[in-house]
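User: I have a two-chain model open and want a quick tour. Can you take my questions as they come?
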Amino acid sequence: MDLAPVIAATEAITGEDVKGAGKAIALGVGAGLGSIGAGIGVGFIFGKEIESVARQPEMKSELESIRWLGFALTEAVAFYTFIFGLIAFFLS
Amino acid sequence: MKTKSKVLIGLGAYLAIAIALLLIFGNDGKNEHFKPQNEFKLPAWIHLKVGPIDLSINRAVLYLFIASVLTIVTMTYIAKRMAQKPNRVQTGVELSYELVKNNILGDNLPKDTAKRWFPFIATLFFFIWFSNMIGFIPLPTNSEETFNVFGLEIPSFAIYAATANISIPIVLTLVVWVSYHVEGVRAKGFLPYLKSWLPPGLENMSPIGRAAIFVIEVISHFVRLISLSVRLFANILAGHLLLLFMGGGLAVLLGIAALGAVTFPLAFVFFIFEVGLVATLQAFIFSTLSAIYIGGATSASH
């Protein structure tokens with residue numbers, strides 16, 4: 001969809017930089033919503049890990065490397081959205 | 001005095017400093033001159049052009065060079081003078097060697113493949129680790145902004161890492177990607193390797209359904225290129241951005257001095273978090289996933 005006429009009309013009415021505002025919203029909402037998902041995921045991993053250690057304390061050392069693997073894989077999702085937000089902000 | 005009241009007094013004094021700064025300096029308005037993205041700009045120091053390819057020496061090349069030299073020199077130096085009674089550095093290196101051998105390769109690869117790929121994965125791990133760690137030492141490399149010492153123009157101190165630039169993680173990822181496919185083809189042969197991409201248990205499926213799943217598997221192999229490189233790059237870049245903004249960038253950008261008093265302690269916290277956890281964890285993750293990919297390509301069924 002070509003948004004150019006809509007942008008031009010809104011800019012004429014409000015006298016503000018609509019495209020810049022859209023970019024800022026893209027970065028803020030994109031990175032913010034992405035962080036929610038990754039936050040829930042990281043919390044889930046650590047919660048489940050604590051639960052499993054409470055059930056089977058002898059598995060603690062084996063769970064440790066899996067925990068960090070899961071943590072890093074989940075946490076990276078937040079950064080993917082952050083990078084796409086930066087792309088929307090600086091490169092579009 | 002109780003601990004609780006001490007903490008409360010400390011917090012109150014801290015808030016008072018922030019409020020005093022706000023009252024004294026106030027709000028200078030938005031700073032249009034300061035551009036945070038310039039911290040990651042790569043001005044060419046020595047111009048080098050081979051045909052259409054730009055090979056100029058810039059900040060990223062310097063960091064890449066330092067990281068490679070440090071990796072090679074420290075590892076060979078410690079390997080050459082191994083002592084019966086290890087000192088602290090040797091113990092640390094031995095511990096990290098054990099980590100690569102047991103945790104990264106041992107769990108994910110069969111023994112003979114692990115032995116063949118150990119040098120590659122260990123080099124990846126140590127190179128990324130050194131590169132991440134150098135990234136948190138301020139070095140005088142920001143030639144956009146200079147300051148004057150006895151008539152000498154010195155570039156201002158800045159933090160930057162080779163891995164905070166997408167080109168270096170993507171090259172590392174391409175090397176891993178090509179090598180795990182080569183290893184898979186060598187272990188199984190070309191067509192059986194492609195067939196092994198299909199998950200087991202699809203023998204009774206119609207050819208069209210299997211073709212569709214094969215297409216999804218092909219896409220997933222290409223997505224690995226993006227996910228592996230962007231994970232490392234984005235973690236380090238976001239860490240540096242966070243340190244930049246918390247360590248004063250936000251206060252300068254918005255022109256509110258009081259904000260600096262609030263964010264500066266956070267910068268210390270994030271610095272410890274980045275150096276203590278993220279730098280090592282990302283090196284660990286990158287090499288572990290490389291080992292998992294190689295293991296998945298060579299194992300009988302995944």
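Analyst: Sure, with one definition up front: helices (H or I, at least four residues) and strands (E, at least two) are DSSP runs, numbered from the N terminus. This is a predicted model: local features need pLDDT of at least 70, side-chain atom pairs count only at pLDDT 80 or more, and totals for chains, interfaces and linings use all residues. Residues are numbered from 1 along each chain as its sequence is written, while chains are lettered from A and ligands numbered from 1 in the order in which they are written.

User: Fine. How many helices and strands in chain B?
Analyst: Chain B has eight helices and four strands. From the N terminus the order is α-β-β-α-α-α-β-β-α-α-α-α.

User: And what does chain A have?
Analyst: Three helices and zero strands. The pattern along the sequence of chain A is α-α-α. Chain A has a radius of gyration (taken over C-alpha atoms) of 21 Å, well over the 12 Å that the globule rule gives for 92 residues, so chain A is more spread out than a compact globule. That rule is 2.2 Å times the number of residues to the power 0.38.

User: What box does chain A fill?
Analyst: Roughly 70 × 20 × 20 Å for the C-alpha atoms, along the principal axes. For chain B the box is roughly 75 × 65 × 55 Å. Chain B has a radius of gyration of 25 Å, where a compact globule of 302 residues would have one near 19 Å.

User: How much of each chain is buried?
Analyst: In chain A, 11% of the 92 residues. In chain B, 24% of the 302 residues. Buried means 20 or more other C-beta atoms within 10 Å of the residue's own; exposed means 12 or fewer, and partly exposed lies in between, with C-beta atoms placed from the backbone.

User: Which residues touch the most others in the largest nonpolar core?
Analyst: Ile121(B), Phe125(B), Ile128(B) and Phe286(B), out of 51 residues. Such a core is a set of buried Ala, Val, Leu, Ile, Met, Phe, Trp, Tyr and Cys residues joined through C-beta atoms within 7 Å.

User: Which elements feed that core?
Analyst: From chain A, α3 (60-90) gives two or more residues. From chain B, so do α2 (59-80), α3 (88-106), α4 (111-134), α5, α7 and α8.

User: What does Phe125(B) touch?
Analyst: Val100(B), Ile104(B), Ala283(B) and Ser287(B), leaving out residues up to four places away in sequence. Contact here means C-beta atoms, placed from the backbone, within 7 Å.

User: Now the interface. How many residues does each chain put in?
Analyst: Twelve from chain B and ten from chain A. On the chain B side, α7 (207-254) and α8 (257-298) each supply at least two residues. That side divides into six nonpolar, five polar and one charged. Ala, Val, Leu, Ile, Met, Phe, Trp, Tyr, Cys and Pro count as nonpolar, Asp, Glu, Lys and Arg as charged, and the others, Gly among them, as polar.

User: Last topic, confidence. Where is chain B lowest and highest?
Analyst: Among its elements, strand β3 (residues 139-149) has the lowest mean pLDDT, 74, and helix α5 (residues 167-188) the highest, 92. pLDDT is the predictor's confidence in each residue, from 0 to 100. Chain B averages 85, and 99% of the residues score at least 70.

User: What about ipTM and pTM?
Analyst: The model scores ipTM 0.77 and pTM 0.85.

Terms used. Two residues are in contact if their C-beta atoms, placed from the backbone, lie within 7 Å.
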